[in-house]
Amino acid sequence: MHATLDHMPSMARNDPRQYDDLADHWWRPGGHFELLHWLAEARARLIPSASMPGAILLDAGCGGGLLAPHLTGKGYTHVGVDLRAAGLGHAAARGVRAVRGDVTALPLATGSVEVVAAGEILEHVTDLPGTVAELSRVLRPGGLLVLDTVNDNALSRFVTITLGEAIGLAPAGLHDPALFVDPGRLTKEFAAHGVRLQVRGARPSVPGLLRWLGPFEKRSPLGRIVPTRSTAVLYQGHGRKEAA
């Protein structure tokens, strides 16, 4: 079981300053962000090679740049946008063009991005419609959106908050269940901006979870994300923006 930082509960849930306190966990094998490594690898599996030289991939809420190793050889200019400077430092060290910014006001031109990757960010934003609008705005016609996030229901709240925080799958207070995202709502939000989103369920591999939580040597990756029929807790999404 992973220890949590004693002062974290004094912060409000979903306070982004918690990521500053956890910055040394971004690349620590078996650390608090181990599951995010598995999600990054699964997200990258949905991303094809770039269709043109210099194509931009926007990593929205890039954190410590966990997607970077999985994009090697795919030909993208990897631009990461995040609120917290501590995570951006790790991202830049791994070749990401790190930009401090807000996903509701992206510092990118309209239609300039070939791929938008929004991994484990949508369940943290307080303005979901504004975030969806910005992600869709920067995506070029025909461009690809890939994402993963947490569903909004009693089961996902139990697994992520009640159980997940108790056994160390997530640091206490990192998530606010009020911000979890129903896939039906998310699909409609993106459709309003011309992005046709398809979703599928996903879950961590059981052997990986046992290696992570058990008394074993921690060498990442300890597990992986596998597809499942149920979107009840965790789900992935992908879709393309309609051509003009």
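This is a guided tour of a predicted model, going from its sheet to the helices beside the sheet and then to two loop residues.

Begin by selecting the strands, which form an open sheet of eight with the order β3-β2-β1-β4-β5-β8-β6-β7 and with mixed pairing. At the edges you will find β3 (97–100) and β7 (225–228), each of which pairs on one side only. If you look along the sheet, the twist from one strand to the next averages 25 degrees.

Next, select residues 56–60 and 113–119, which are strands β1 and β4, and follow the three bridges over which they pair in the parallel sense. Within this pair, Leu57 stands opposite Val115, the latter belonging to β4.

Keep the sheet on display and add helix α2, which packs on the sheet and touches β4, β5 (139–150), β6, β7 and β8 (234–241). Compared with the direction of β7, that of α2 makes an angle of about 65 degrees. Then add helix α3, residues 85–93, which lies across β2 (77–82) and β3 and runs at about 170 degrees to β3.

Now move to helix α7, residues 206–213, and colour Gly208, Leu209 and Trp212, which are buried. Why do these residues sit on the same side of α7? They cover an arc of only 100 degrees around the axis, and this puts them on the same side of the helix. In general, an α-helix has 3.6 residues a turn, so residues three or four places apart point the same way. To see what covers the buried residues of α7, show α2 (34–44) and β6 (195–204), which are included in that cover.

From here, select Leu22, which is found in the loop between α1 (18–21) and α2. Is Leu22 buried or exposed? Its relative accessibility is 0%, so Leu22 counts as buried. If you also select Gly87, you can follow a separation of 9.1 Å between the C-alpha atoms of Leu22 and Gly87, although the two residues are 65 residues apart along the chain.

The last stop is His175, placed in the loop between α5 (154–167) and α6 (183–191). Despite this loop position, His175 counts as buried, because its relative accessibility is 9% and the cut-off for buried is under 20%. Which residues is His175 in contact with, leaving aside its neighbours within four places in sequence? Show Arg13, Asn14, Glu123, His124, Thr160, Ile161, Ala170 and Phe180 around His175, since these are the contacts to inspect.

Terms used: Residues numbered from 1 in each chain as written. Predicted model: local features only at pLDDT ≥ 70, side-chain atom pairs only at ≥ 80, totals over all residues. Heavy atoms only, no water. Buried < 20%, exposed > 50% of the residue type's maximum accessible area, 1.4 Å probe, protein only. Helix = DSSP H or I, 4+ residues; strand = E, 2+ residues; numbered from the N terminus. Arc of directions from axis to C-beta. Contact = heavy atoms within 4.5 Å. Pairing = 2+ DSSP bridges. Axes fitted to C-alpha atoms, helices over the stretch in contact; angles between N-to-C directions.
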